Amino acid sequence: MSEPAVEVSNLTKVFSTGLSKNYVVAVDNLSFEVAAGEVYGLIGPNGSGKSTTMKVVLGLMAASKGSAKVFGYESGDIRARNEIGFLPENPYFYKHLSGEETLKFYGKLCGLKGSELKDRIAELLKLVDLEGAAKRRLGGYSKGMLQRIGLAQTLIQNPRLVILDEPTAGVDPVGSRQIRDLILKLKEDGYTVFLCSHLLEQVQEVCDRVGIIFKGRMRREGTLDELIRIESQTAMTLENASPELISKIHDLISSDDAAKVIEEGHPRTTLERLFIQIADQNRKEESA
Amino acid sequence: MSESTTTLRAPAREVPLFSIRRVWTLAISTLTQLVRMKTFYFLFAFAVLLLAIGNFNFASSPAQALSTVKKVSFGAMDLFAWLFAIVATALLIPRDLEDRTLYTILSKPVRRIEYLLGKLCGVLIVIGISLSVMFVVCAGMIQWKEAGYIAEEIGTTENQITEETRQAILLIQKNGFHPELAIATLASFMKAAVVASVTILLSTFASSSLFTIIISVLVFLVGHAHTMATNFWLAESDNSIVVQMLLKLFKIVIPNFQIFSFSEGIVQGATVMPAAIWQMAGLTGAYLVVFMLLSLLTFVDKEF
């Protein structure tokens, strides 16, 4: 099996608040892995520790305890960052640069030059559909355009891992769908995507696996199928079933030859319902 | 599921642990940022100032007029250099942090020392270009005025140049342009480089740009009284170990800006000792290394 793209082991991050020696545990003994090639979504409410976890993975923060690795390299190691493309929430790039100059700047920081850099910029501008705005300064870009140029800069050095923090925050539905499609395209192209999002429907659409984090702790983790399956219930999908049959279905289904069971399995909830359920549970645990 | 249909990305190519190219990229980006912030508009203000003092008859003699033009213009250049070094440097890093541009830069394969060096070099390139342009404009103006005054002196004599005229011309030439003025400009540049490195150190831990600017200006002013302050303390103290330690700390933390003050003498026509230039260059280099290392110490573990 290939090496995990992200390996977070017993990660704890504690912040001290001012001079009062009070401490806030932002991330509490968190462990999870993101396999190479998968789209992993970390979801949780504000202040749950998602962004802190991402920052530790990126090496922008140091772990108080535990570790975070990227393709086997300790986070913070320049070789780990070489494998990462990062899009922060509400990215603000240098407004005085044009879209093309922005990609050139980040490309050069990643060691690209000459025709290789030029070709890569053209390729990425095409991918994010910003060829027409390449020469325009970012100061004149819309939120959706900024997000797309941000996504392009994450990919400039062809990283193996793409980390997206709230990639569709503040973007209109059309822009949001474009970004969703881009994430699916990244997956097709073999990138590993690790994202945080509040938009649970979108996470459900793009993620292979999801981790639900509350108060810095992992509450549930698994494939979408595992997470949203309701084990205690069974659903049947029937073909050519009359209303009468539906009313008697539990008694008749085994004896009626005209009715055929097309699918039988576990009905699904939505990720959103599951999330709210865990949040309620969490609140009850705290008040108990 | 996905593993069966898609090919995983290949590992990234190796990156050097330290790269001058990355520093240069950051420096050029800083230069572009400052240029697009209309920084060079200051040069127009300088040109206007120079034209104003050049065409204003406030001196009793041509030599005095030339001396005043030099003092004011080189004073303005020096003021621009250190003030710009403080303000631009104090604004750049906090702005990157505020705009989260720092996140995207530091999440690329960029070392924090490369980022700091890139910012410093960017500011110094702007100061270097500005000082060069100002020096050329200034030199042109002084030479033009000098030639005019000499022509006037010669014009007053009817046949041959008298000793009195020769003396007047010599005095004009003494107060006019001489190549050593480039050394004075270099001293302004080096002083600005030290000020910028102090400001970078402060901005790596300061909570606001205003604080950084105020403290940098204070350091700059105290640094001009370096020798006076250390002599005073040595004379007044009982030379205990604590005082000695504090003095050493003061000498390290507060750069001695008096080493650059010989440039004022150059502007006034004094000759330059090569040893003074080498001492200035050596100390500038040492200060830059010390302040950049201290900046790195505070910046390397800074959390964003």
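**Exercise 1. Determine how β9 and β10 of chain A are joined, and place both strands in their sheet.**

Start with the pair itself: strand β9 (residues 209–214) of chain A runs antiparallel to β10(A), and six bridges join them, where two strands count as paired if DSSP finds at least two bridges between them. Helices (H or I, at least four residues) and strands (E, at least two) are here DSSP runs, numbered from the N terminus. Within this pair, I213(A) stands opposite M218(A) of β10(A).

The model is predicted, so that local features need pLDDT of at least 70 and side-chain atom pairs count only at pLDDT 80 or more, while totals for chains, interfaces and linings use all residues. Residues are numbered from 1 along each chain as its sequence is written, and chains are lettered from A and ligands numbered from 1 in the order in which they are written.

Next, widen the view to the sheet, which is open, has six strands in the order β6-β7-β8-β3-β9-β10 of chain A, and shows mixed pairing. Its edge strands, each pairing on one side only, are β6 (84–87) and β10 (217–223) of chain A. Neighbouring strands of this sheet are turned by 15° against each other on average, direction ignored.

**Exercise 2. Follow K69 of chain A from one strand partner to another.**

First, strand β1 (residues 6–17) and strand β4 (residues 65–70) of chain A pair in the antiparallel sense over five bridges, and here E7(A) stands opposite K69(A) in β4(A).

Second, β4(A) is also joined by two bridges to strand β5 (residues 73–74) of chain A, again running antiparallel, and in β5(A) the bridge partner of K69(A) is E74(A).

Finally, β4(A) and β5(A) form a hairpin with two residues between them, and F71(A) in the turn has a positive phi of about 45°.

**Exercise 3. Describe how α4 and α9 of chain B pack, from the angle to the residues.**

Begin with the geometry: the axes of helix α4 (residues 62–98) and helix α9 (residues 209–223) of chain B come within 9 Å and cross at roughly 150°. Axes are lines fitted to C-alpha atoms, for helices over the stretch in contact, with angles from 0 to 180 degrees between N-to-C directions. The crossing angle therefore makes α4(B) roughly antiparallel to α9(B), a term that covers angles over 145 degrees.

Then list the residues, with contact meaning C-beta atoms, placed from the backbone, within 7 Å: α4(B) contributes W82(B), I86(B), V87(B), A90(B), L91(B) and P94(B), and α9(B) contributes S209(B), T212(B), I213(B), S216(B), V217(B) and F220(B). By class, these residues divide into nine nonpolar, three polar and no charged, where Ala, Val, Leu, Ile, Met, Phe, Trp, Tyr, Cys and Pro count as nonpolar, Asp, Glu, Lys and Arg as charged, and the others, Gly among them, as polar.

**Exercise 4. Characterise the side of chain B that touches chain A.**

Count first: 32 residues of chain B are in contact with 38 residues of chain A.

Then assign them to elements: those of chain B that give two or more residues to this side are α1 (2–5), α2 (20–36) and α5 (101–106), and the largest share, six residues, comes from α2(B).

Last, classify them: this side of chain B has 12 nonpolar, 10 polar and 10 charged residues.

How values were computed
Contact = placed C-beta atoms within 7 Å. Parallel < 35°, antiparallel > 145°, perpendicular 65-115°, else oblique.
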